[in-house]
Amino acid sequence: MKLMEANELSGETHLIVAYAILIGSLVLYGNWLRSRYRNIVNSRASILEARTPHPHDGED
Amino acid sequence: MLRVPAQAIALLALGSIGVVATVFLGITWAPDVNPSQWRAPAAYRIIFLHVPFAWTSFLAFAMLFWGSLRWYLRRTERSWRLVQSGSDLGLLFGIGVITSGPIWGMAEWGVPWDWADLRLNTFGLLTALALFIVMARRSQPDHDSTRDTIAAVGLFGFILVPITAVATTLYQKRHPGVVIIESEDSGLDPTIRAVMMVGFVSITLLFIGFTIISDKLYSAEAEIELNHRALDEINGGE
């Protein structure tokens, strides 16, 4: 009986760990997509800035 | 401004709700299994996410195969993006399968892995292949010759998918057999099957949402790379 209780507890612990890893991996992937999105938005802004001529360019 | 399609966000939201519902139903609604027949009866509930992850990983590997094939036939950026997203998602879902599976194996069999089991090992190889492709893409310069090599690995590696899929039917050693297809062997409780179907739908919705967003991001990143090169040329020419 004691052995069965130990197995039951062990099974529940395994279940929690497995669910945490599976759901956690989905969350991590989602966060990675979000950080790539932010990088793209920042890169686009910096490219636009680099392309825009300075208002005083060509005055000399 | 980069626009992420509203449909993709809606799919991710629905999929996430579905995953939470799957876990909730899997723990509260799905019946217990006979404790005298199982070493760790509670751990069987891992299948409610493990099996949908495995199914979705096959979708990702199919996308990787299709992208690799199209890359050889047409050499378009669109087909290369399929290789990129397919390998990323194949790795994501593959890692989920090869971590949750051994966790269940440890509870139920007492060992996490069986080196004599065909399905475990072919699926492990498939995930290793996705890992190789992701690492090769990130570490090698992005030339056509690199893409050819990576696409060749994606193309021939797909042979492992049908072998993995039928492994438990043709050569069952330790991994449990097919549970979704109705047969005398599966004998799956209707409640367990219903929860698993909720899991399937939810993870598939997440997969579609992730694929749409990943494709958009890779497309935008390629465009930025082109713009950077053009800027470098202008600055270099001055």
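A residue counts as buried if 20 or more other C-beta atoms lie within 10 Å of its own, and as exposed if 12 or fewer do. The exercises below concern a predicted model.

**Exercise 1.** Determine which residues of H5(B) are buried, and establish why they lie on the same side of the helix.

*Solution.* Begin with the extent of the helix: H5 of chain B runs over residues 144-157, and its 14 residues reach 20 Å from the first C-alpha to the last, close to the 20 Å expected at 1.5 Å a residue. Next, apply the burial criterion, which identifies B:Arg147, B:Ile150, B:Ala151, B:Gly154 and B:Gly157 as buried in H5(B). These residues are on the same side of H5(B) because they cover an arc of only 135° around the axis. Finally, turn to the other side of H5(B), where B:Ser145 and B:Phe156 are exposed.

**Exercise 2.** Describe the secondary structure of chain A and state what percentage of its residues is buried.

*Solution.* The secondary structure of chain A comprises 1 helix and 0 strands. Of the 60 residues in chain A, 12% are buried.

**Exercise 3.** Analyse the side of chain B that touches chain A by helix and by residue class.

*Solution.* First take the contacts, in which 33 residues of chain B meet 26 residues of chain A. Then assign the chain B side to its helices: H1 (6-28), H2 (47-74), H3 (77-108) and H7 (190-237) of chain B each supply at least two residues, and the largest share, 10 residues, comes from H7(B). Sorting this side of chain B by class, one obtains 25 nonpolar, 5 polar and 3 charged residues.

How values were computed. Residues are numbered from 1 along each chain as its sequence is written. Chains are lettered from A and ligands numbered from 1 in the order in which they are written. This is a predicted model: local features need pLDDT of at least 70, side-chain atom pairs count only at pLDDT 80 or more; totals for chains, interfaces and linings use all residues. Helices (H or I, at least four residues) and strands (E, at least two) are DSSP runs, numbered from the N terminus. The expected span of a helix is 1.5 Å times one less than its number of residues. The arc is that of the directions from the helix axis to the C-beta atoms. Two residues are in contact if their C-beta atoms, placed from the backbone, lie within 7 Å. Ala, Val, Leu, Ile, Met, Phe, Trp, Tyr, Cys and Pro count as nonpolar, Asp, Glu, Lys and Arg as charged, and the others, Gly among them, as polar.
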